[in-house]
Amino acid sequence: GAVDMEVDMMVLGAGPGGYSAAFRSADLGLKTVLVERYGTLGGVCLNVGCIPSKALLHNAAVIDEVAHLASNGIKFGKPEVDIDGLRGYKEKVINKLTGGLAGMAKMRKVEHVRGIGTFLDANHIEVQLTSGTGKDLTGEKKVIKFAKAIIAAGSQAVKLPFIPNDPRIVDSTGALELKSVPKRMLIIGGGIIGLEMGTVYSTLGARLDVVELSDGLMQGADRDLVKVWQDWNKHRFDNIMLQSKTTSIEPKEDGIWVTFEGPKVPSEPQCYDLVLYSTGRSPNGKKIGAENAGVIVDERGFIAVDKQMRTNVPHIFAIGDLVGQPMLAHKAVHEAHVAAENAADHKAYFDARVIPGVAYTDPEVAWVGLTEDQAKKEGIKITKGVFPWAASGRAIANGRDEGFTKLIFDAENGQILGGAIVGPHAGDMIGEICLGIEMGADAVDIGKTIHPHPTMGESIGMAAEVAKGVCT
Ligand code: FAD
């Protein structure tokens with residue numbers, strides 16, 4: 001058939017993985033095209049994920065902090081929330097970033113072909129051009145011939161089959177639209193995304209219920225961290241239903257009626273104005289015609305790759321949410337660079353020792369590497385250093401000394417294996433522990449590094465000192 005365009009590199013999907021891969025490819029001299037169905041670059045993360053959620057969480061945290069000042073003798077009135085204004089702020093944040101990406105693409109002569117891509121074979125992709133919201137097809141097509149490709153088609157929210165269609169039942173994208181503030185909100189799935197959105201809605205006035213299948217919220221983090229977050233946030237929740245599930249969800253005129261099953265659930269059906277389902281995300285691997293290119297996709301939609309991010313077809317790479325857990329933007333970006341560098345015949349490997357995780361709740365919960373729970377379970381001998389923020393001058397001055405910093409060291413050689421922080425700005429601090437782990441730092445390196453005083457960051461140095469037994 002006819003070819004409309006011929007390039008060195010075709011990147012499918014313009015999320016943090018895709019745009020990073022395209023930019024690095026172009027910087028390394030490859031003529032690069034970026035195929036993305038939506039009008040803006042940035043994917044889930046910029047448009048309906050990391051960034052808009054943080055724009056809303058920032059406002060929520062300021063509202064909560066201002067309310068907190070009452071106990072310091074400073075009182076403000078009840079906040080007047082203009083929901084259109086707040087939504088507008090969120091949109092402005094997104095537009096600034098997606099606009100910036102468009103500029104960076106242009107500067108590198110990376111063309112955005114706007115449409116839905118389907119592989120025809122291992123060197124051709126057909127793009128059905130889109131307009132409007134990204135779902136509208138213009139009816140036109142473009143066939144692109146490529147020498148190499150990087151698949152970065154990302155993931156989408158899992159909708160369990162028993163969840164009915166109703167505008168009051170939303171996934172994270174629907175929740176971020178912030179149409180109104182419900183009085184009662186149910187979160188199905190107590191992971192990071194659900195709890196972040198719950199924080200926003202609760203600060204704006206909603207009462208929260210959460211139902212979670214496992215035995216605790218925020219799985220993946222040590223339970224002692226989660227406890228601090230949960231104690232601080234008790235006031236937001238009417239019911240935290242663990243080891244529980246919904247047995248029916250029924251939209252009625254007066255609300256969404258839900259029944260539950262579990263050890264401590266209300267026996268009567270409960271009525272909600274908003275139900276958020278946040279029970280995980282599934283990769284988009286089955287929706288791109290990968291089989292036509294000979295790329296193997298597993299039954300869940302993941303694509304397997306090697307350390308160079310190559311699929312089973314050597315000139316086709318895959319990165320981001322599509323290649324596996326953790327589904328995080330910073331992982332996608334690093335994989336993107338590895339894939340692009342290999343495609344440009346540089347030698348690179350994805351060889352991260354650790355990938356940090358952060359819940360941007362209030363307080364923030366951040367962890368990286370070996371957790372204490374994991375060490376216990378696997379019988380790994382560790383030395384632990386914990387520094388409670390109740391002993392941090394800065395945390396006390398800020399009125400936020402509920403948190404702590406914990407470092408996990410190899411009991412034999414003292415090398416740092418993991419770390420965890422709960423408290424405001426924990427996510428901004430965890431990077432230092434990542435660096436320590438990547439560089440093989442030990443408790444002496446970290447403890448002897450002079451951290452600025454008074455900061456919450458110095459709690460990392462102090463925790464290392466505690467582990468050395470110097471200051472107990
Ligand atoms: P995506 O961002 O999913 O991008 C894939 C792109 O490919 C999409 O734009 C899609 O339209 C496009 N596409 C797919 N198929 C086709 C096709 N056939 N043709 C054309 N285009 C196609 N991660 C963090 O690290 N920190 C956070 O704080 C954070 N917060 C989050 C909050 C929410 C509410 C959500 C939902 C996610 C959050 N994440 C966060 C996860 C993060 O958004 C993802 O890990 C990240 O976006 C994955 O990047 P990606 O490049 O793999 O794919």
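In this predicted model, helices H1 and H9 cross with right-handed geometry. Their axes lie 8 Å apart and make an angle of about 30°. Angles under 35 degrees count as roughly parallel, and H1 and H9 are therefore roughly parallel to each other.

On the H1 side, the contact is made by Pro 16, Gly 17, Ser 20, Ala 21, Arg 24 and Ser 25. On the H9 side, the residues that meet them include Ala 329, Ala 332, Val 333, Glu 335, Ala 336 and His 337, with Ala 339, Ala 340, Glu 341 and Ala 343 also among them. Sorted by class, the contact of H1 with H9 has 9 nonpolar, 4 polar and 3 charged residues.

H1 (16-27) and H9 (329-343) also appear in the surroundings of the ligand. There are 37 residues around the ligand, and those that come nearest are Gly 13, Gly 15, Gly 43, Gly 154 and Gly 320. Two or more residues of this shell come from each of H1, strand E2 (32-36), helix H2 (43-48), helix H3 (50-68), strand E3 (111-121) and H9. The class count for the shell is 19 nonpolar, 14 polar and 4 charged residues.

The next element is a sheet. Three strands form an open sheet in the order E11-E12-E13, and their pairing is antiparallel. Strands E11 (245-252) and E13 (270-272) stand at the edges with a single partner strand each, so one side of each has no neighbour in the sheet. From one strand to the next, the twist averages 30°. E12, which spans residues 255-261, pairs with E13 in the antiparallel sense over 3 bridges. Ile 256 has Tyr 272 in E13 as its bridge partner.

Notes: Residues numbered from 1 in each chain as written. Predicted model: local features only at pLDDT ≥ 70, side-chain atom pairs only at ≥ 80, totals over all residues. Near = placed C-beta within 6 Å. Helix = DSSP H or I, 4+ residues; strand = E, 2+ residues; numbered from the N terminus. Nonpolar A, V, L, I, M, F, W, Y, C, P; charged D, E, K, R; others polar. Axes fitted to C-alpha atoms, helices over the stretch in contact; angles between N-to-C directions. Parallel < 35°, antiparallel > 145°, perpendicular 65-115°, else oblique. Left-handed = near helix turned anticlockwise from the far one by under 90°. Contact = placed C-beta atoms within 7 Å. Pairing = 2+ DSSP bridges.
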